[in-house]
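Biologist: I would like to learn how to read the fold of one chain and then the way two chains meet. Could we take it step by step?

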Amino acid sequence: MTTQPSKLWPKMTGWEEFHFLTDFVLEHSSGDHTSLTLYDQHGGTTRFANNQIVQNVDTRRGSLAVTVAFGRRHGTATTTDFTAGAVQDTLKRAEHIARVSPEDPEYLPPVGPKQYLSLPTNRPETAVAGPARRLEYAREAVSQCKMENLNSAGTVSSSLTAVGVAANTGLLAYEERTEARFSLTVQADDATGWAAAAHRSIDHLKVQERTLTAIEKAKRGADEPKELEAGRYTVILEPAAVAGLLSWMLWMLDAKSFDKGTSPFVGKLGQRIIDRRLTLRNQPDHADLLGSGFTSDGLPVTESVWIEGGVLKQLMYDRFTAREHGIEPIATLESPCLSGERPAGSRVSDLIRTTQRGILVTNFWYIRTVNPTDLTLTGMTRDGTFLVENGEIVTAVRNFRFHESPLRAFNQIDAFTAPAEAVTSETGKLLVPAMRIHNFNFSSVTRF
Amino acid sequence: MSAGTGYTEYGPDICSSTLASHIMTTPQWDELADLALTRLRGAGVEYGDVRVIDSATQTIRGEDRRIAKIREGSDRGIGIRVLYRGAWGFAASSVLSLEEIPRIADQAVDIAKGSASLAIEKVHLAHEPVHRDSIVTAHRVDPFTVPLEEKTSLLLEIMDYVHRQHGIVRSAASLWAQRDRKLFVSTEGSHIDYDLLAVQGDFSATGLYDGRFATRSFTTPHLRTGYELITGTNFLAEAPRVATQAMEKVRAPIIDSGRYDLVLDPEHLSLTMHESCGHPSELDRALGYEANYAGTSFLTPDRRGNFRYGSGHVNLVADNTEPETLAATGYDDDGVACQKWDIVRDGMFVGYCTNREVALKINEGRSRGSNRADSWSSVPIVRIANIGLEPGGATLDELLSDVKRGLYIEGHGSYSIDQRRYNFQFGGDAFWLIENGRRTHMVRDVIYHGITPEFWNSCDGIADRSHRRRYGFITCGKGQPGQSGWMTHAASHARFRQVQVIQGGAQT
């Protein structure tokens with residue numbers, strides 16, 4: 001048996017290797033159109049609970065998808081095996097699927113060559129961060145909690161991913177993307193506090209600062225939480241909670257559903273859908289967002305405006321629906337930033353200080369649609385829910401279930417802050433303000 | 001068949017610019033596994049296991065009378081888990097070479113050393129006998145041998161049937177199959193190879209009326225069987241019913257909020273059980289391991305044996321031995337044999353889903369065998385077992401006949417529950433008003449909510465075994481990084497008294 005020379009693995013699939021892979025696949029393909037997509041990731045997660053590590057993993061996964069089309073018949077096959085035989089087999093499987101599949105009236109050939117933004121998506125400090133760096137951050141968070149006699153659970157993760165998209169139309173895009181994440185739940189008896197971060201640079205996770213935030217939240221909630229009745233309240237939503245609601249709005253912007261009449265935005269394009277002071281932009285080059293140069297289709301990522309002065313300006317188009325409407329170029333929304341005129345300050349405390357009575361919500365959990373027609377959502381408050389009176393947090397309260405549509409809530413905004421980083425376990429990363437909203441509907445209360 | 005055979009592939013590694021002419025042979029799985037175990041033993045680990053997996057997945061998805069996607073995936077790699085100085089380390093790679101194995105074995109050990117430096121108590125594993133076995137899913141027709149044309153024709157025909165109903169504006173239909181070939185070996189001497197299948201099909205119809213829309217769905221269970229599950233399902237007979245009910249649903253009146261008796265069908269109950277009983281019975285959650293993501297549990301260890309979870313009608317049994325169910329894989333990813341045990345007996349909470357690590361923490365000498373990873377690249381975590389509701393003695397008509405004003409609910413809809421699994425809220429796929437013991441007409445936008453033990457204590461009747469149906473889940477999210485768990489939940493229809501119902505719209 002012959003083995004490979006040393007030091008070839010775990011070398012990531014670089015630009016030259018991806019180019020080589022592309023040439024190999026395209027040369028061997030019999031399809032009218034052939035495209036391939038690469039995701040080659042090396043990363044890991046250190047996970048802790050009860051102030052000790054419970055899981056510590058490091059994984060290398062390379063994945064290649066090949067799509068072949070004969071006319072409008074297309075098929076896709078994927079592999080994690082990058083040996084030539086496996087790649088050829090993958091191509092053959094894609095060819096076979098394409099040959100026997102029915103014609104797809106919505107099929108479009110891959111995009112041609114494009115110009116892409118050159119973004120600093122690969123941060124060397126993250127790329128070289130391994131288990132030792134992740135352990136260092138985990139130790140820092142755990143140590144701070146232990147000093148306060150508090151219980152911690154969380155994760156530190158980092159990864160480097162090589163992403164490539166190519167096709168026989170001349171499309172050839174390649175980018176290396178790093179990502180680091182930190183998430184922490186601090187438990188003080190029955191109370192919990194939480195903070196999280198995600199960034200291209202592991203140096204920007206602000207582990208110490210965010211650990212202190214989570215500790216403070218947990219300590220504030222440590223006294224027996226007060227049970228308030230369900231009902232409509234003025235709420236102060238921290239950025240993570242706003243991100244939870246906003247993300248569902250963004251996921252529902254699909255243009256095809258809009259055309260078919262099965263979208264909550266039917267009749268609302270060009271209309272004001274949220275507070276007139278707010279504007280939503282895609283900002284791929286923002287240093288604190290996880291921007292990238294191109295989409296999985298090979299489309300260039302660009303700056304765009306989605307909601308301007310509260311008015312819906314843009315829908316999320318697949319390539320077929322965009323062509324039907326003559327939309328070119330197709331706007332993308334990987335790096336959302338919601339900002340507004342005349343913010344009331346830059347911090348949540350600026351909203352608390354001016355609130356006579358309201359509920360401060362750190363985060364929402366398990367958000368799901370209840371009614372897709374009007375985008376009514378439900379979910380629970382989590383990891384720090386407090387009663388605010390006369391400009392101060394006075395007590396922790398038991399967690400509420402909400403039953404509310406962001407299309408209604410975001411029209412009842414009283415004040416908001418400048419946008420801040422928001423990332424939760426249920427959303428991507430966004431920049432959004434904290435908001436004070438009137439008449440927010442809490443439909444029931446839980447036991448803690 | 002043995003998972004260690006039939007996987008030799010040859011060819012140049014084309015991911016290195018220097019390798020175009022370099023011939024690499026992918027070694028046999030047993031050879032890779034032995035190499036890893038030798039390396040782990042040499043490092044002095046207390047325990048180590050190796051999983052080599054090749055998962056083949058076929059997804060065919062139809063949308064609005066066209067086949068939108070046909071995708072065949074091959075996901076192959078190796079995961080090595082070690083316990084060293086009482087702490088865990090795990091490393092995995094999609095590169096199956098004799099050179100990569102020592103690298104990831106060494107890395108798993110190094111990672112465990114780091115974990116040990118931030119440990120309060122050492123991990124110990126409950127005893128499990130050594131197993132040497134081979135597990136194969138019983139099936140008549142291999143879904144991967146069925147011609148694609150046959151599958152796409154079926155999906156197109158289903159969607160055509162659906163669109164014959166006036167008012168239907170969207171349709172979807174899909175078929176899915178997965179084969180997992182896996183080799184598990186451990187430093188304790190276990191050697192288990194698997195050839196597992198799972199199959200499923202579904203479709204839906206969306207109707208538009210008066211500016212609102214509603215979807216009605218049909219699904220087979222996800223089962224470990226062959227394509228006979230699909231050929232044995234009369235999709236074309238179901239399609240007109242589903243389309244008709246989609247239009248009936250979108251036109252249906254809303255109901256007043258208030259307390260209603262509920263009669264829930266087995267498909268609907270599979271989700272209710274999953275969220276309100278399955279997850280809280282995961283011992284790792286109860287012990288705080290998931291506090292930062294999936295959450296903890298109101299079923300704390302001090303409540304085991306003395307907490308009334310439900311009424312005396314309620315018996316929830318975990319059974320990972322029932323043929324065709326998703327968690328019945330012979331052994332879990334700790335190499336523990338699948339078992340059957342009680343979670344709730346006569347309404348009392350009595351048991352947890354466990355693995356070899358956490359079982360000892362509640363003084364159980366053996367794991368329940370519920371430790372599973374969703375791929376070679378994931379570390380196994382405690383997973384919900386095949387938890388099912390034991391049948392009662394009634395018929396569905398008998399359950400309905402004793403309801404003066406209530407709701408009959410079928411299928412899955414909106415669902416949400418707090419992180420300790422107390423406060424839940426569920427919708428459904430279809431709702432009928434029950435009046436004076438009879439299902440009358442459909443209603444829409446029904447949501448019910450409650451507190452888990454109060455809800456299960458309101459159960460006063462369960463239909464008999466002839467009504468029992470099984471439904472599987474393959475997207476149960478848990479863990480960081482997130483993993484998808486697989487399990488099956490079986491139930492007969494059940495009745496619950498005076499549950500709070502609200503309207504599922506912004507008008508509430």
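**Reading chain B and its partner**

Modeller: This is a predicted model, and a useful start is the secondary structure, which in chain B comes to nine helices and 27 strands. The radius of gyration of chain B is 24 Å, close to the 23 Å that the globule rule gives for 508 residues, so chain B is as compact as a globular protein of that length.

Biologist: What does the C-alpha trace of chain B span along its principal axes, and what percentage of its residues is buried?

Modeller: The trace spans about 75 × 55 × 40 Å along those axes, while buried residues account for 59% of the 508 in chain B. Sequence separation adds to this picture: of the contacts in chain B between residues at least 6 apart in sequence, 74% join residues at least 24 apart.

Biologist: How many residues of chain A and of chain B are in contact with each other?

Modeller: On the side of chain A there are 90 residues, in contact with 86 residues of chain B. Strand β2 (residues 52-70) of chain A supplies the largest share of the chain A side, with eleven residues, and by class that side has 31 nonpolar, 41 polar and 18 charged residues.

Biologist: In which sense, parallel or antiparallel, do strand β3 of chain A and strand β4 of chain B pair?

Modeller: Strand β3 (residues 73-79) of chain A and strand β4 (residues 66-84) of chain B pair in the parallel sense, over four bridges. To locate a position in the structure, look for A77(A), which stands opposite E72(B) in β4(B).

Terms used:
Residues numbered from 1 in each chain as written. Chains lettered and ligands numbered in written order. Predicted model: local features only at pLDDT ≥ 70, side-chain atom pairs only at ≥ 80, totals over all residues. Helix = DSSP H or I, 4+ residues; strand = E, 2+ residues; numbered from the N terminus. Rg over C-alpha atoms; globule rule 2.2 N^0.38 Å. Buried ≥ 20, exposed ≤ 12 C-beta atoms within 10 Å, placed from the backbone. Contact = placed C-beta atoms within 7 Å. Nonpolar A, V, L, I, M, F, W, Y, C, P; charged D, E, K, R; others polar. Pairing = 2+ DSSP bridges.
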